[in-house]
Amino acid sequence: MTASDTHTPTSVQEPNEFGYRGYTLGEFQFSRDEYFAYVTWPTGRHVMSVDAFLRAMQRDVAWEFFYGIVNFDGVLGTMNHYGTVDLFAGRYNDAFRKAELDHVETIDTATIRDVFAAMLADWTNASFDPFASPEETGSAFGPKKGENIAAITRHRVTAERMVSLPGDEPLRDDGNGHPVNRMFADVSQDEPEIYAEPGFENEVGSFSLFAYLSRSPVTWNPSVVSVCRDSLYCPTTEEYILPIIHGNDRAEWFVQLSDEIIWDVEDRDTGRKRAKVIMKAGDVAAMPSDIRHQGYSPKRSMLLVWENASLAIPELISSGKFPTQPVEF
Amino acid sequence: MAYVTRLASLDDYQKGGVEVIDDDPKNYAFSNIFEVASHARPFEQIAVGKNFEYVLEAVRVEGTSGWRACSHDQSALVMDGEVEFTLRTLGDGPSLPDSGSVGVPDEATQTLMGRVVARRGHLTLLPAGRAYRYASTSPAVLLIQTAEGVDTQFRWAEICQTA
């Protein structure tokens, strides 16, 4: 079933016995207890471990629903239409589709963003940081114990031109709260030598991307560090498992800068397994626009995610005017 | 526990790959920057990524390049070695294409804007409408963020995993 009323009713319930509020978004209902998040819709129900649920929801909120599909798992997720968002259950799951138990609601972006942000704030305890690696955060479980607003509302780096240029996103250092991560203690902190002639300081620019990434406090959170029109360099540091399964609405490219990531690749619409992609330092690979992928990084690694942010692309691909793979040979 | 961050270089890289379950490995255009650069001639701009008009170019730097310029910003990430970038203003002579970089004659370059000496992991801006060149005394590797231009080379069948 698909509902497309863009004036979606929402409501918030009083805290339950564990201290957490319930939320209604259209015909979807969300609740949590000490261990699990529960989601119901007219034709079904779903349960997820609440730490995995919050890690996925954190990305959805911080990324403004990102490019394409953010699958929380094989059942629940969102699809971005850049102005509206589909909230779905079972829509991209072959079994749910065949049983006609799937459900989709199209919701104004502001509406779903506000409800998700409120839910994330209410359900995230003081001890839990959904952006941190499992080794660097406390527990998400138990009855409600405080909140962690600072962690869930971190500034997302979006350089206008390039990090470090005057007036653009600043470098990271100990002084602004970005110590070198424990797994990158051996990464060189040397910076390039810059000799700008007077008057050209805004254009003669360079910085150590590797040192910058070694000081990232978060995982699986692409941030824009340099811009070439719609071409965006969005590097990120990865440890443990990508908390979402990203379904592409355009090709994106990965450049592995350090260490290793193993990607599980499935068909975007059915979840059928297609490939594993093993990436080591220096490797480059495309993720086509008809797949979904989830990464596994045994050690904290540096990944350069390269995106084309053009809003025209999803229609070009979905209409068949452009192939799902970015290059043909 | 002391962790070791695994970087790579022209002399020391390991390549991963696509393990197919039900797919064509060519869909992933899988390559390795160091492998591409190890087979490249100096200053060839070989595409290792393409997303509509935008490309990522792997460049082997060995010696001093000619002067180049571009109508839009680019960036250059040093993947291996040490590279010196020199930037100059550009005279009125050359008209720059809308997409990608082109070579420009020495006499078209004018005032020195500055220099950058960059090593592995350093990202350098190649600003729009300015002339630049890069140099290295020993083989180095750049990854250029740019758009497809007249000098972009496409060798997918040669550099990518096909089976």
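Two residues are in contact if their C-beta atoms, placed from the backbone, lie within 7 Å. The structure examined here is a predicted model. In chain B, contacts with a separation of 6 or more were sorted by distance along the sequence. Residues 24 or more positions apart account for 76% of them.

The secondary structure of chain B consists of two helices and 12 strands. Along the sequence, the elements follow the pattern β-β-α-β-β-β-β-β-β-β-β-β-β-α. The radius of gyration of chain B is 17 Å, and the globule rule gives 15 Å for 163 residues. The two values are close, so chain B is as compact as a globular protein of that length. Taken along the principal axes, the C-alpha atoms of chain B fill a box of roughly 55 × 40 × 25 Å. Of the 163 residues in chain B, 52% are buried.

Strand 4 of chain B spans residues 54-64. Eight of its 11 residues are buried, so strand 4 of chain B is largely enclosed by the rest of the structure. A residue counts as buried here if 20 or more other C-beta atoms lie within 10 Å of its own. Strand 4 of chain B pairs with strand 3 (residues 45-51) of chain B in the antiparallel sense, over five bridges. Within this pairing, Gly49(B) has Leu56(B) as its bridge partner. The two strands form a hairpin with two residues between them. In the turn, Phe52(B) has a positive phi of about 55°. Strand 4 of chain B also pairs with strand 11 (residues 131-147) of chain B. This pairing is antiparallel too and runs over 10 bridges. Here Val55(B) has Thr146(B) in strand 11 of chain B as its bridge partner.

In chain A, five strands form an open sheet in the order 2-3-4-5-6. The pairing is antiparallel. Strand 2 (10-12) and strand 6 (44-49) of chain A are the edge strands, and each pairs on one side only. Neighbouring strands of this sheet are turned by 15° against each other on average, direction ignored. Within the sheet, three bridges join strand 3 (residues 23-25) of chain A to strand 4 (residues 28-32) of chain A. Tyr23(A) stands opposite Phe30(A), which belongs to strand 4 of chain A.

Two helices of chain A accompany these strands. Helix 1 (residues 50-62) of chain A lies across strand 4, strand 5 (36-41) and strand 6 of chain A. Its direction is at about 95° to strand 6 of chain A. Helix 3 (residues 109-123) of chain A packs on the sheet and touches strand 2, strand 3 and strand 4 of chain A. The direction of helix 3 makes about 165° with that of strand 3 of chain A.

The two chains also meet each other. In chain B, 61 residues are in contact with 61 residues of chain A. Strand 9 (residues 109-119) of chain B gives the most to the side of chain B that touches chain A, with eight residues. By class, that side has 32 nonpolar, 18 polar and 11 charged residues. Strand pairing crosses between the chains as well: strand 19 (residues 283-287) of chain A pairs with strand 2 (residues 31-32) of chain B. This pairing is antiparallel, over two bridges. In it, Asp283(A) stands opposite Asn32(B) in strand 2 of chain B.

Note on methods. Residues numbered from 1 in each chain as written. Chains lettered and ligands numbered in written order. Predicted model: local features only at pLDDT ≥ 70, side-chain atom pairs only at ≥ 80, totals over all residues. Helix = DSSP H or I, 4+ residues; strand = E, 2+ residues; numbered from the N terminus. Rg over C-alpha atoms; globule rule 2.2 N^0.38 Å. Buried ≥ 20, exposed ≤ 12 C-beta atoms within 10 Å, placed from the backbone. Pairing = 2+ DSSP bridges. Axes fitted to C-alpha atoms, helices over the stretch in contact; angles between N-to-C directions. Nonpolar A, V, L, I, M, F, W, Y, C, P; charged D, E, K, R; others polar.
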